[in-house]
Amino acid sequence: MCIRDSFMYMPKDHPDRYHPYTKPPFLELLKEDHPYRIIGDSDSLPPLVSNAMGLYDLRAINVLLQRDYYLFFQNLISFSVPYTNSPNLLVAATSPFIDFVGVKYILSKAPLDFSRLDRSLDFHIQSLRWIRLFSSMKNHSVKGGANYGFFKIGEDERFSFFFPMRFKFRTKITISEPFLFLSFAYKGDSDRASFKVKVTLDNEMVELNLFGDKWQDFWFDVSKFLGKTIYITLQADEKSSGSIVVGNFGLTPGAEKERSIYNILFQIHKKETKYIGYRGYYEGIYIYENKNVMQRVFLAKDVEYLKGLDDLFYKFRNEDNPGQKAYVIKETPHDLRHIKASLKTINENVKERISIKKYAQREVLVDIESTGGILVLSDYYYPGWKVRVNGENREILQAFGVLRGVHIPEGRSMVLFYYEPISIYVGVFLLVITLIIWLFFIKEQRSKL
């Protein structure tokens, strides 16, 4: 990528950063015996600062984990802008899925306005078009330069590219949705009557006559290219000053499908608003508590196997209480049928007790007495994590797409999650080989003397 293209994606500014070693006045409120998580907008809780304070920040998940895990939180926790760590806080705070990952506190520089939930959800669905575009993009080139940001006409604000009046943007992408959405506007010192933009999909070119005083939306049917990789080109050759604004550019299932998704999400998020309680205002920071948060380790009495994250999204969006089951991502669920069979024999008269005895970076020890089930730790499922139950190795389950789970029997159990990546063994093996070669070399050198 050239310097010009790097500049295109460079943020215009950064939020104010607090001194990482100055404890904020609300820190004591957030500290508890249980290791709950915290989320906040970019201005109130910058990632580096929160990490320096020792706070758990959910936004780090999209840089620590791989693509599938980022997609999970992109859709369920609701990140608003692709490839950033700034969630749409109102949407994230009212998502039922933060309950599963132990998010108890929400920090914001402005009060959470639940009356704007409908607009925030609509904005989030539109931003997913950019996420799909960037995920599908193989390469791109820009002639004329560009930058990005938000552009507002009336009450309609959109995430946008800003191109000069003479530009050419060309990208190679794999078509993953049946429609391509493009919205155009003009930014300049004065209202511009009209301008033209050429849009080329593969080898098919359309010239658009545009007006600068409003957003103009276009839904291009690209269903015939589904699964194929094509070139998309946007080009203009105007001679005046100003910028051509391209808003909410990206791949989409279509207006009707997006409206259906919006209706489902609105009902889900609206129900969660009653669980968000206001805790106070501390030197410019509003603090809210999620009263529906689940413990960092909890027990599910039933299990259902899903093939992938798409199935998981569907379950979460269409079930009233998804926490009753442990949804496990497993391509070959028949390998674990014995678990489902054992869950049917649960003794409901046994009292349950769960406590975290040790919580370290590479080890988590849980003491549990229960009727058995799927024990879920709301930490991230990641290659290298393993688990022992009462000293015996067990298969670690990919619960809820991103969390660690394990089947436990009835009675008391000590469950140890520990991190032991294969890279350790590879490193030891290479060290031993290197040592053998070195000793052999020394021996050969001495024999020549």
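Start by selecting Arg129 and Phe181: the charged end of Arg129 sits over the ring of Phe181, 4.0 Å from the ring's centre. Keep in mind as you look around that this is a predicted model. For another view of this kind, select Lys187 and Phe162, where the charged end of the lysine sits over the ring, 4.8 Å from its centre.

**The whole chain**

Now zoom out and colour by secondary structure. The protein chain has 11 helices and 25 strands. Of its 449 residues, 49% are buried. Among contacts with a separation of 6 or more, 72% are between residues 24 or more positions apart.

**Aromatic rings**

Next, show the side chains of the aromatic residues. There are 26 aromatic pairs in the structure. Select Phe161 and Phe163 for one of them: their ring centres are 5.8 Å apart and their planes make an angle of 70°, an edge-to-face pair. Are these two residues buried or exposed? Phe161 is buried because its relative accessible area is 1%, and the limit for buried is under 20%. Phe163 counts as buried too, at 0% relative accessibility.

Then move to Tyr278 and Tyr286, a tilted pair with 6.4 Å from centre to centre and 40° between the planes. Tyr278 is partly exposed, with a relative accessible area of 47%.

Go back to Phe161 and Phe163 and widen the selection. Ring pairs link both of them into a cluster with Phe123, Trp130, Phe134, Tyr148, Phe150, Phe159, Phe167, Phe169 and Phe249.

**A helix with a buried face**

Select residues 255–272, which form helix α8. How far apart are the end C-alpha atoms of this helix? They are 26 Å apart, which agrees with the 26 Å that its 18 residues should span at 1.5 Å a residue. Now highlight Glu258, Tyr262, Leu265, Ile268, His269 and Glu272, which are buried in α8. Turn the view to look down the axis: the buried residues fall within an arc of 140°, so they line one face of the helix.

**Two loops**

Select Glu177, in the loop between β6 (166–174) and β7 (179–187). Glu177 is buried, with a relative accessible area of 19%. Which residues does Glu177 touch, not counting those up to four places away in sequence? They are Arg132, Val222, Leu226, Leu251, Thr252 and Pro253.

Phe211 is the next stop, in the loop between β9 (204–210) and β10 (216–221). This residue is partly exposed, with a relative accessible area of 44%. Add Ala193 to your selection: Phe211 and Ala193 are 18 residues apart in sequence, and their C-alpha atoms are 5.7 Å apart in space. Leaving aside neighbours within four places in sequence, Phe211 is in contact with Ala193, Ser194, Phe195 and Gln216.

**A hairpin to finish**

Finally, select residues 353–359 and 363–370, which are strands β18 and β19. The two strands run antiparallel, and six bridges join them. Look between the strands for the connection: a hairpin joins β18 to β19 through three residues. To follow a single bridge, select Tyr359 and look across to its partner in β19, Val364. While you have the strands on screen, here is a general point to try out by eye: in a regular strand, the side chains alternate between the two faces of the sheet.

Technical notes
Residues are numbered from 1 along each chain as its sequence is written. This is a predicted model: local features need pLDDT of at least 70, side-chain atom pairs count only at pLDDT 80 or more; totals for chains, interfaces and linings use all residues. Side-chain values use heavy atoms; hydrogens and water are left out. Rings of Phe, Tyr and Trp (its six-membered ring) pair if their centres lie within 6.5 Å; planes under 30 degrees apart count as stacked, over 60 as edge-to-face and the rest as tilted. Buried means under 20% relative accessible area, exposed over 50%, partly exposed in between (1.4 Å probe, protein chains only). A charge sits over a ring if NZ of Lys or CZ of Arg is within 6 Å of the ring centre and within 35 degrees of the ring normal. Two strands pair if DSSP finds at least two bridges between them. Helices (H or I, at least four residues) and strands (E, at least two) are DSSP runs, numbered from the N terminus. The expected span of a helix is 1.5 Å times one less than its number of residues. The arc is that of the directions from the helix axis to the C-beta atoms. Contact means heavy atoms within 4.5 Å.
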